[in-house]
Amino acid sequence: MTAQPPELRASHDDREAVVEQLRDAAAEGRIDFDELDSRLEQAMKSKTHAELAVLTADLPRPSAPESRPPLVLKGGMHGVSQGPGRWEVPGRVIAHGGLGGVKVDFTRVECRLTEVVVEVYGETSGVTIVIPDSWAADTSGMDPGVGGLTDKTTPDRLPGTPLIRLTGSGGMGGVVIRHPNRREQRKLHSNPPQP
């Protein structure tokens, strides 16, 4: 949770972040389960950032997702795919299509970031990015290159979901950003992501 003025009213997301940090602390053995229950109850009743800060003051701060190194994907000769399973989303993803192409699938990830920068280079075989229906993309920073940019996303972004900010170049292979297709939707519905 980023530092906020202590008197500022806490949001549902602020309380959720503290709950998550408390659960992690219990899993690591830093606090026992009785103390966890007590702190969780206080967290859900907290109205300000000051009240929340007291609950985690004696715990190590979680590492910010933005501080993680970027995820670099290189298509090489045979191509590479990230997802559709769960994976840790850093603040920046770099994808080089190479000869085999790259697919980046965000449909089953949990992402607490408000924005993820995806730097793409289509090169010879291109890059495909799949984002959940509730997410949106900003492609204004993209150079379409020879292969072009195909944006099949909708601007219907739900509150609290990430914005994918696309940068880079389409190269020869081009770049496609889209929501799940019918086949992927069927897979998601038949095997929904676990909470």
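This is a short walk through one protein model, from its overall make-up down to single residues.

First, a caution. The model is predicted. Please keep that in mind throughout.

Let's start with the whole chain. The protein has 195 residues, and 41% of them count as buried. Its C-alpha atoms fill a box of roughly 60 × 35 × 30 Å along the principal axes. The secondary structure comes to four helices and ten strands. How are they ordered along the sequence? The pattern is α-α-α-β-β-β-β-β-β-β-β-β-β-α. In words, three helices come before the strands, and a helix follows them.

One number on contacts. Take the contacts in the protein with a separation of 6 or more. Residues 24 or more positions apart account for 69% of those.

Now the helices at the start. Look at α1, residues 12-27, and α2, residues 33-45. Their axes lie 10 Å apart, at an angle of about 175 degrees. Anything over 145 counts as roughly antiparallel, so that is what α1 and α2 are. Which residues make the contact? From α1 we have Arg 15, Val 18, Val 19, Leu 22, Arg 23 and Ala 26. From α2 we have Phe 33, Leu 36, Arg 39, Leu 40, Ala 43 and Met 44. By type, nine residues of this contact are nonpolar, three are charged and none is polar.

Stay here for a moment. Between α1 and α2 there is a loop, and Arg 30 is found in that loop. Is Arg 30 buried or exposed? Neither: its relative accessibility is 49%, so Arg 30 counts as partly exposed. Arg 30 touches Ala 25, Leu 59 and Pro 60, leaving aside residues up to four places away in sequence. Asp 58 is 28 residues from Arg 30 in sequence. In space, the two are 9.5 Å apart, C-alpha to C-alpha.

On to the strands. I'll take them sheet by sheet.

One open sheet has five strands, in the order β1-β3-β5-β9-β7, with parallel pairing. At its edges are β1, residues 71-74, and β7, each pairing on one side only. From one strand to the next, the twist averages 15 degrees. Inside this sheet, β3 and β5 pair in the parallel sense over five bridges. Ile 94 stands opposite Glu 119 in β5.

Another open sheet also has five strands with parallel pairing, and its order is β2-β4-β6-β10-β8. Which strands stand at the edges? They are β2 and β8, the latter at residues 149-152. Each has a single partner strand, so one side of each is left without a neighbour in the sheet. Here the twist averages 10 degrees from one strand to the next.

Let's cross that sheet from the β2 side. Three bridges pair β2 with β4 in the parallel sense. There, the bridge partner of Ser 81 is Lys 103 in β4. Next, β4 and β6 run parallel and are joined by four bridges. Val 104 stands opposite Ile 129 in β6. Then β6 and β10, residues 175-178, run parallel and are also joined by four bridges. Val 130 has Arg 178 in β10 as its bridge partner.

Last topic: the aromatic residues. How many aromatic pairs does a search of the whole structure find? It finds two.

Take Trp 87 and Phe 106. Their ring centres are 5.2 Å apart and their planes meet at 40 degrees, so this pair is tilted. Where do they sit? Trp 87 is in the loop between β2 and β3, and Phe 106 is in the loop between β4 and β5. The pair therefore ties together parts that are 19 residues apart in sequence. Trp 87 has a relative accessibility of 11% and counts as buried. Phe 106 is buried too, at 0%.

Now Phe 106 and Trp 135. Their ring centres are 5.6 Å apart with planes at 50 degrees, so this pair is tilted as well. Trp 135 lies in the loop between β6 and β7, 29 residues away from Phe 106. Both Phe 106 and Trp 135 are buried.

Put the pairs together. Trp 87, Phe 106 and Trp 135 form one aromatic cluster. Each of its members comes from a loop between strands.

To recap: two aromatic pairs, four helices and ten strands. That's the tour.

How values were computed
Residues numbered from 1 in each chain as written. Predicted model: local features only at pLDDT ≥ 70, side-chain atom pairs only at ≥ 80, totals over all residues. Heavy atoms only, no water. Phe/Tyr/Trp six-rings, centres within 6.5 Å; stacked < 30°, edge-to-face > 60°. Helix = DSSP H or I, 4+ residues; strand = E, 2+ residues; numbered from the N terminus. Buried < 20%, exposed > 50% of the residue type's maximum accessible area, 1.4 Å probe, protein only. Pairing = 2+ DSSP bridges. Axes fitted to C-alpha atoms, helices over the stretch in contact; angles between N-to-C directions. Parallel < 35°, antiparallel > 145°, perpendicular 65-115°, else oblique. Contact = heavy atoms within 4.5 Å. Nonpolar A, V, L, I, M, F, W, Y, C, P; charged D, E, K, R; others polar.
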